[in-house]
Amino acid sequence: MSLREMIFGCGFVLNGVSLCSILLACSRSGDVSLGRWVHGYAVKEIGWDVGVMVGTGLVDMYAKCGRIGAALVVFRNMPRRNVVAWNAMIGGLAMHGKGKDVVDMFDSMIGEGVSPDALTFLALLSACSHSGMVDLGWKYFNELESIHGINPEMEHYACMVDLLGRAGRLEEAEAFIKSMPFAPNEVVLGSLFGSCYTHGKVKLGEQIMRELVQMDPHNTEYHVLLSNMYALSGKEEKANFFRKVLKKRGIKKVPGTSSMYVGGQLHQFIAGDKSHPQTAGIYMMLDDMIHRLRLGGYVPNTSSQVLFGCSTRDDCTEALEEVEQVLFTHSEKLALAFGLTSTPSGSPIHIFKNLRICQDCHSAMKIASYVYNREIVVRDRYRFHSFKQGSCSCSDYW
């Protein structure tokens, strides 16, 4: 029985708790059409003042579905806002990489006499990390205890490691970890390891990898990152050997999945997927899309791909072409090709990815937003990327 059948067929009435549960499901799945329906239902049944609890649920839903403007409208029209509502808005802005807006929102929160909590500072530090605001991040971290009386938790330390690592200050991040009052967990070390990959610090990456393997030997993400790190640094033989060892041990990479809602229906794609009912049309569009992207300056990023059985890349033209074909059929690109064929020209396209968007797809999305004159919004595992006219909201700082 569907939600609409329960309400209109059986006469059920949704209370605030039920509405918030549905909104939470919408936030996780990205189903903004159902979220909008719930918004309309709440206004009809409760009135324009839907209350703090439902209002906060709406802010969170719109932000996590990529409609940060709608989240702001709901938030600004809430007559009453507690710290949870402020956290939802600040956290949403942080996910969208709007560092300056987060700082302004935090100042407004303090100005209205609302005391921040530990979650507020997690959102603040995350926003500073994704926007490269290192000095401001240090300021907020130091104010946690000294001004607001909040004891820094492991998550706050992880944010600071991420902040320093993204900025390329890995030695400072390593020293910060050693100064922590407790032993670092997998999240803290994982943040530093990710920065090692970004900045090509292979030796430090190997050291951290040994610690991470002891914590979680079956985490495929770390293994794949180290293998890619070897490939990027020109150590292809080592990358080749490493991946063979992983295969022998039965460690498999978590498949990337991209999903999107079109016409109220969920459509999902995995890399190389040909199970969609519209596969033929999707791949026709994909071929045309790759051609147009190449004309727009797109060059497949094969630097982190291992070419098996090849001594040098110059000797592997055929293998390189196969690697490029794999890149072309990444789940994000399949979702984009589907979105271009199934949504009105000029309308935004929203894609939800279970993993971090790769560098090749990030470059392709930037060019596609310009070539097709579309806003393309991708929510990956860590943040939102809003591609417009050839640039991304992350300013390539991700």
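**Group meeting: a walk through the sheet, the cysteines and a pocket**

So, the sheet comes first: six strands, forming an open sheet with mixed pairing, in the order 2-1-3-4-5-6. Strand 2, residues 265–270, and strand 6, residues 391–392, sit at the edges with a single partner strand each, so one side of each has no neighbour in the sheet. Before I go on, please keep in mind that this is a predicted model.

Let's look inside the sheet. Strand 1 covers residues 257–262 and strand 3 covers 349–353; they run antiparallel and are joined by two bridges. If you want a spot to click on, take Ser-259, whose bridge partner in strand 3 is Phe-352.

Now, what lies across this part of the sheet? Helix 19, residues 359–371, lies across strand 3, strand 4 (376–379), strand 5 (384–388) and strand 6. Against strand 5, helix 19 runs at about 40°.

Okay, cysteines, since somebody will ask. How many disulfides turn up in a search of the whole structure? Zero. Take Cys-361: the nearest cysteine sulfur belongs to Cys-358 and is 3.6 Å away, and Cys-361 is in no disulfide. To count as a disulfide, the two sulfurs have to be within 2.5 Å, so that pair doesn't make the cut. Is Cys-361 buried or exposed? Buried, with a relative accessible area of 0%.

Then there's Cys-394, also in no disulfide; its nearest cysteine sulfur is that of Cys-392, at 3.4 Å. Cys-394 is buried too, at 3% relative accessible area.

Next, pockets. The second largest pocket holds about 250 Å³ of space. It is lined by 17 residues, and the closest to its centre are Val-32, Arg-67, Tyr-261, Val-262 and His-350. Which elements supply at least two residues each to that lining? Helix 3, which is residues 32–46, plus strand 1 and strand 3. So here we're back at the two strands I showed you earlier, the antiparallel pair with two bridges between them.

One last stop, away from the sheet topic. Asn-228 lies in helix 14, residues 220–232. Asn-228 has 11% relative accessibility, and because the cut-off for buried is under 20%, that residue counts as buried. And how far apart are Asn-228 and Asp-49? They're separated by 179 residues in sequence and by 51 Å in space, going C-alpha to C-alpha.

That's my tour. If you take home one picture, make it the open sheet of six strands, with helix 19 lying across strands 3, 4, 5 and 6.

Note on methods: Residues are numbered from 1 along each chain as its sequence is written. This is a predicted model: local features need pLDDT of at least 70, side-chain atom pairs count only at pLDDT 80 or more; totals for chains, interfaces and linings use all residues. Side-chain values use heavy atoms; hydrogens and water are left out. Two strands pair if DSSP finds at least two bridges between them. Helices (H or I, at least four residues) and strands (E, at least two) are DSSP runs, numbered from the N terminus. Contact means heavy atoms within 4.5 Å. Axes are lines fitted to C-alpha atoms, for helices over the stretch in contact, and angles run from 0 to 180 degrees between N-to-C directions. Buried means under 20% relative accessible area, exposed over 50%, partly exposed in between (1.4 Å probe, protein chains only). On a 1 Å grid over the protein atoms alone, a cavity is a set of points where a 1.4 Å probe fits but cannot get out, and a pocket is an open set with protein on both sides within 12 Å along at least five of seven lines; lining residues have an atom within 4 Å of a point. Grid points are joined across faces, edges and corners, and a volume is the space filled by probe spheres set on the points.
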